Amino acid sequence: MRFQYLQPASLQEAFSLLAQHSPQAKVMAGGTDLLVAMKMQKLSPSVVIGLSQIPEMAGVAYDSSSKAIRIGALATHQEVSSSSAILEKFSHLAGAASLVGSRQVRNLGTTVGNICNASPSAETAPALLTVEAVVNIAGPTGTRQVAIGDFFTGPGRTVVGGDEIVTEVTIPDPEPNSAGAYIKLSPRRAMDLAVVGVAVFLSVRNGVCDKARVALGAVAPTPIRVPDAEAILSGEAVNDNLLEQAAQAAMKACRPISDVRSSAEYRREMVGVLVKRAIREALGRSRNQEGD
Ligand SMILES: Cc1cc2nc3c(=O)[nH]c(=O)nc-3n(C[C@H](O)[C@H](O)[C@H](O)COP(=O)(O)OP(=O)(O)OC[C@H]3O[C@@H](n4cnc5c(N)ncnc54)[C@H](O)[C@@H]3O)c2cc1C
């Protein structure tokens with residue numbers, strides 16, 4: 001495997017390198033997906049453009065003027081899982097990032113790289129779907145913002161063009177009394193991809209579920225939201241009957257496949273179990289906040 005490694009010091013330089021070498025070039029953040037794919041000869045770019053020296057893409061920060069959290073494209077899972085702003089507002093996203101691979105992988109792998117790689121089981125994708133994250137994509141002719149719900153187009157595919165780079169993901173402030181839960185089901189307790197991933201984020205007002213968002217990973221060609229489950233919960237005092245209805249809606253919405261890691265039937269069954277569990281957890285946390 002021979003390739004040229006280039007390290008631009010600015011976004012502008014990265015774009016001109018991409019324009020020069022595309023379509024033989026791939027950009028790289030932590031390299032924990034890209035280098036593995038190259039080693040396995042699934043990809044063989046002749047040029048790899050490392051983003052690590054572009055300072056404006058680093059870090060996680062809360063921007064009080066736009067009231068949003070900004071996750072730079074170089075922010076690692078370790079940074080996301082330990083960010084005080086994310087822990088305070090979106091602890092389920094921090095939790096998802098903390099479940100990626102191993103400490104070594106989390107210290108290198110980025111959350112933006114996780115979504116750009118677009119595996120259906122991408123750990124952080126369901127939580128990002130539930131918080132309505134916005135992906136900022138820059139190209140030679142300017143920047144555009146894409147809602148995370150419109151970002152994934154298929155397994156390994158996104159809306160990012162060959163001459164574009166994702167610079168950051170932003171997450172707007174949550175509604176009052178909001179909380180989430182992320183549950184990963186995997187055969188091994190660590191270093192394993194999700195067989196099913198379920199994220200729920202909801203807010204409560206006077207004990208009633210005000211707004212609910214439910215998302216699934218590893219059970220469809222892309223991570224998905226489940227609007228039917230969300231509609232069942234929103235505006236309701238959630239009881240066992242509604243929990244069951246939401247679980248059924250999620251089981252209906254998913255399109256799992258059978259592979260070496262699990263059968264489609266098991267995945268679908270577990271979607272039902274975990275959606276109920278995640279809603280209960282998120283509801284409990286939101287009600288605690290309201291009671292504070
Ligand atoms: C041992 C091991 C265990 C793992 N466990 C998990 C797990 O439990 N859960 C999980 O979800 N993943 C897991 N992964 C996969 C991987 O670590 C994550 O997907 C990681 O977040 C990828 O980020 P990265 O920065 O390393 O991406 P890279 O490998 O650098 O890039 C991945 C893809 O995204 C593109 N890309 C990266 N950044 C940008 C950008 N800013 N703009 C445009 N395109 C970009 C690259 O061109 C490439 O196609 C594991 C990997 C390994 C090696």
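What follows is a chat about the ligand shell, two helices and three single residues of a predicted model.

Colleague: Before I start clicking around, what should I know about the model?

Modeller: It's predicted, so to speak of local features we need pLDDT of at least 70, and side-chain atom pairs count only at pLDDT 80 or more, while totals for chains, interfaces and linings use all residues. Residues are numbered from 1 along each chain as its sequence is written, and side-chain values use heavy atoms, with hydrogens and water left out.

Colleague: OK, the ligand. Which residues come nearest?

Modeller: V27, T32, D33, H77 and T110 come nearest, out of 32 residues around the ligand. A residue is near if one of its heavy atoms lies within 4 Å of the molecule.

Colleague: Which polar backbone atoms are close to the ligand's oxygen atoms?

Modeller: One belongs to V27, at 2.6 Å from a ligand oxygen. Another is in E123, at 2.8 Å from an oxygen atom of the ligand. The protein covers 89% of the 990 Å² of accessible area that the ligand has on its own; those areas come from the Shrake-Rupley method with a 1.4 Å probe.

Colleague: And what does the side chain of H77 do there?

Modeller: An N or O atom in the H77 side chain is 2.6 Å from a ligand oxygen. A polar contact is a pair of N or O atoms within 3.5 Å; within protein, one must be able to donate a hydrogen and the other to accept it, and residues adjacent in sequence count only if both atoms are side-chain atoms.

Colleague: Which element gives the most to that shell?

Modeller: α7, with five residues. β2 (25–28), α7 (111–117) and β10 (165–172) each supply at least two. Helices (H or I, at least four residues) and strands (E, at least two) are DSSP runs, numbered from the N terminus.

Colleague: Switching to α11: why does its length look right?

Modeller: Because its 28 residues (264–291) should span 40 Å at 1.5 Å a residue, and the end C-alpha atoms are 40 Å apart. The expected span is 1.5 Å times one less than the number of residues.

Colleague: What do its buried residues pack against?

Modeller: They pack against β11 (178–185), β12 (196–205), β13 (208–217), α9 (227–233) and α10 (240–253). The buried residues of α11 include M270, L274 and A278. Buried means under 20% relative accessible area, exposed over 50%, and partly exposed in between (1.4 Å probe, protein chains only).

Colleague: What about α10, what covers its buried residues?

Modeller: The cover includes β13, α9 and α11. Among the buried ones in α10 are L242, L243 and A246.

Colleague: New topic: where is R70, and is it buried or exposed?

Modeller: R70 is in strand β5 (residues 68–72). It counts as buried because its relative accessible area is 18%. A polar atom of the R70 side chain lies 3.2 Å from the backbone oxygen of A58. Leaving aside neighbours within four places in sequence, R70 is in contact (heavy atoms within 4.5 Å) with residues including E56, G59 and E168.

Colleague: And P45?

Modeller: P45 is in the loop between α2 (34–39) and β3 (47–50), and is buried because its relative accessibility is 8%. P45 and Q4 are 41 residues apart in sequence and 8.8 Å apart in space, C-alpha to C-alpha.

Colleague: Last one: where is S262, and what is it in contact with?

Modeller: S262 is in the loop between α10 and α11. Leaving aside neighbours within four places in sequence, S262 is in contact with V195, I257 and R267.
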